[in-house]
Amino acid sequence: MIISLIAAVGKNRVIGANGDLPWQLPDDMKFFSKTTRGHHVLMGRKNFESIPEKYRPLPHRPNIVVTRNKAFEAPNIIVESSIQRGIEKAREAGETELFIIGGGEIYNQTIALADRLYITHVNANPDGETLFPEFDDTKWRKTELLNHPKDDVHNLSFSICVYDKI
Ligand SMILES: NC(=O)c1ccc[n+]([C@@H]2O[C@H](COP(=O)([O-])OP(=O)(O)OC[C@H]3O[C@@H](n4cnc5c(N)ncnc54)[C@H](OP(=O)(O)O)[C@@H]3O)[C@@H](O)[C@H]2O)c1
């Protein structure tokens, strides 16, 4: 099973502000949705709760939420008490590519385990308290998938790259 992280990251590494995303980029959301569809996704409890209620759990993919709160429950998700248990859950189910979808605490604890990173590089330096971990891009083979300009519905340009661990 491949372990992949998928994230949209500002030039200053910011990924979250006030518990939410710092931007609205519908075409990036479509890329996220298409790429992760049909695969297990693993996320932190805070990220799960930041998803508007009507969109969660994310459809057409098993949602694994990690929390240390033994009382936590929500309909139609898999709750695990550790990241390792969440990863094992996906492996036991026969998953081929597990997507770690954040947020910051979870990316920090899993980047060392990752085989692949899907990074949307957002051309902005937003304010925000949640950062993507630094990574040494000489240790990853980079493939640029697309460049997206600003347009009527995207007030920021972005490019989407895949990094495979060398
Ligand atoms: N730009 C992007 O691509 C992107 C993607 C995802 C999220 N985000 C943003 O990131 C922010 C949320 O990130 P965050 O760092 O605040 O929180 P988070 O990583 O989503 O969740 C943290 C929570 O996960 C649980 N947790 C963390 N490590 C654990 C472990 N080892 N074992 C069991 N449970 C564990 C804990 O839940 P309990 O407190 O319940 O124990 C912890 O409070 C939001 O602003 C969100 O919008 C951005």
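Visitor: How many residues surround the ligand?
Guide: This is a predicted model. Among the residues around the ligand, the closest are Gly16, Gly44, Asn47, Gly102 and Gly103. The number that surround the ligand is 28.

Visitor: Which helices and strands each supply at least two residues of the shell around the ligand?
Guide: Two strands and two helices meet that condition. The strands are β1 (2–10) and β2 (14–16). The helices are α2 (45–50) and α4 (104–110).

Visitor: How many residues of the shell around the ligand are charged, and how many are nonpolar or polar?
Guide: Polar residues number 14 in this shell. Nonpolar residues come to nine, and the charged ones to five.

Visitor: Is β1 largely enclosed or largely exposed?
Guide: A residue counts as buried if 20 or more other C-beta atoms lie within 10 Å of its own. Seven of the nine residues of β1 are buried. The rest of the structure therefore leaves β1 largely enclosed.

Visitor: Which residues are the bridge partners of Leu5 in β6 and β7?
Guide: β1 pairs in the parallel sense with β6 (residues 97–100) over four bridges. With β7 (residues 116–122), β1 also pairs in the parallel sense, over seven bridges. The partner of Leu5 in β6 is Ile100, and in β7 it is Leu117.

Visitor: Which residues does a cis peptide bond join in the loop between β6 and α4, where Gly103 is found?
Guide: Most peptide bonds are trans. Gly103 is found in the loop between β6 and α4, and omega of its cis bond is about 0°. The residues joined are Gly102 and Gly103.

Visitor: What is omega for the cis peptide bond that joins Arg56 and Pro57?
Guide: Pro57 lies in the loop between α2 and β4 (63–66). The cis bond joins Pro57 to Arg56. Omega there is about -5°.

Visitor: Does Arg13 count as buried, partly exposed or exposed?
Guide: Arg13 is found in the loop between β1 and β2, and its phi is positive, near 75°. A residue with 20 or more C-beta neighbours would be buried, and one with 12 or fewer exposed. Arg13 has 16 inside 10 Å, so it counts as partly exposed.

Visitor: What is phi of Asn76?
Guide: Most residues other than glycine have a negative phi. Asn76 is found in the loop between β4 and β5 (78–80), and counts as exposed because it has 9 C-beta neighbours inside 10 Å. Its phi is positive, near 60°.

Key. Residues numbered from 1 in each chain as written. Predicted model: local features only at pLDDT ≥ 70, side-chain atom pairs only at ≥ 80, totals over all residues. Near = placed C-beta within 6 Å. Nonpolar A, V, L, I, M, F, W, Y, C, P; charged D, E, K, R; others polar. Pairing = 2+ DSSP bridges.
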